[in-house]
Amino acid sequence: MGDAANSLHRVSKRSWDSETLPHGDDKVTAVRQMFDAIAPRYDLVNRIMTFRLDVRWRRKAVRLLELPPASTVIDLASGTGDLCADLARSGHRPLSFDISFGMLAADRSGAPRVQADILRLPLPGHSVDGATCGFALRNLVELPRFFEELGRVVRPGGRIALLDVGVPHSRVIRWGNNIYFGKVVPKIGALLSDGAAYRYLPKSVAYLPPPAQMLADLRAAGFTDAEHHELSGGITQLLLGTRS
Ligand SMILES: C[S@@+](CC[C@H](N)C(=O)[O-])C[C@H]1O[C@@H](n2cnc3c(N)ncnc32)[C@H](O)[C@@H]1O
């Protein structure tokens, strides 16, 4: 049996439903299979579990790109295309990239779609004006490599806006957030979609490096003015930067 077949064999059908978080190739396979499975109800669960705050966070990210209309902006790990729709509404030309065929099939944004691993973008150097990424950083196996890939494809002066879940500074908000995402969200997920996938969500925050580390890696990748913003009390974080 070849390496790829071996790896598929090791990763069980619901490998995201385990006590330990997967790493390396197992993580890539688990993430892709999980999003294929939850794609049909992904938007519904998102809206319910965030009380539609996710809509506001994405719009803010697009606004803070501060790019002129008609900019070519790639949305990486685009999922069902929410950011692409916001980019189009702001007058930009979005392109959608995701590893999951299920998520790409559920994309109704109308943006051109590409199935790709965003750690290896099928794009020439300095070919786009901007990039967005919503709630996917923790799903990647090598975050510094993703930042380097952004530095490679975004033109000098181009902008990036990257969203993901955050860890609130306030102990009270952190406590409430942990209970909500640890106990309530998996129940909503189980009712409407896949409980295991929504149990994975709070656990997967452990993959994210602290903001200072992400800023250092972004600066090293050529976004020397990289900034970190906390949204909604820190339950979400937004990284912004300009390619120098
Ligand atoms: C939580 S969803 C976010 C979707 C969308 N950006 C949003 O804001 O709702 C994470 C997405 O990342 C995608 N993804 C994870 N790892 C990826 C990779 N290495 N390359 C491309 N897409 C990836 C998944 O397929 C999934 O669609």
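**Entry 1: β4 and its neighbours**

I started with strands β4 and β5 (residues 154-165), which run parallel and are joined by six bridges. My rule for pairing is that DSSP finds at least two bridges between two strands. Helices and strands here are DSSP runs numbered from the N terminus: H or I with at least four residues for a helix, E with at least two for a strand. I picked out one pair, where Ala 131 stands opposite Ile 160 in β5. Getting from β4 to β5, the chain passes through helix α7 (residues 143-153), and this β-α-β crossover is right-handed. Right-handed means that, with the strands pointing away from the viewer, the path from the first strand over the helix to the second runs clockwise.

Note to self on the source: this is a predicted model, where local features need pLDDT of at least 70 and side-chain atom pairs count only at pLDDT 80 or more, while totals for chains, interfaces and linings use all residues. Residues are numbered from 1 along each chain as its sequence is written, and side-chain values use heavy atoms, with hydrogens and water left out.

Next I checked the other partner: β4 also pairs with strand β1 (residues 72-76), in the parallel sense, over four bridges. Val 73 has Gly 130 in β4 as its bridge partner.

Is β4 enclosed or not enclosed by the rest of the structure? Seven of the seven residues of β4 (residues 128-134) are buried, so the strand is largely enclosed. Buried means under 20% relative accessible area, exposed means over 50%, and partly exposed is in between (1.4 Å probe, protein chains only).

**Entry 2: on to β1, β2 and β3**

I followed β1 to strand β2 (residues 93-98); these two run parallel and are joined by five bridges. Here Ile 74 has Leu 95 in β2 as its bridge partner. The chain goes from β1 through α5 to β2, again in a right-handed β-α-β crossover.

Then I looked at strand β3 (residues 113-115), which pairs with β2 in the parallel sense over three bridges. Phe 97 stands opposite Val 114 in β3.

**Entry 3: Thr 80**

I went to the loop between β1 and α5 (82-89), where Thr 80 lies. Thr 80 is buried, at 5% relative accessible area. What does the side chain of Thr 80 make a polar contact with? I found the side chain of Asp 43, at 2.6 Å. A polar contact is a pair of N or O atoms within 3.5 Å; within protein, one must be able to donate a hydrogen and the other to accept it, and residues adjacent in sequence count only if both atoms are side-chain atoms.

Leaving aside neighbours within four places in sequence, Thr 80 is in contact (heavy atoms within 4.5 Å) with residues including Tyr 42, Met 103 and Arg 108.

Ala 77 is in the loop between β1 and α5 too. Its phi is positive, about 60 degrees, although Ala 77 is not a glycine. At 19% relative accessibility, Ala 77 counts as buried.

**Entry 4: Gly 102**

I found Gly 102 in helix α6 (residues 101-105). Gly 102 and Gly 79 are 23 residues apart in sequence and 8.6 Å apart in space, C-alpha to C-alpha. Leaving aside neighbours within four places in sequence, Gly 102 is in contact with Asp 36 and Ala 39.
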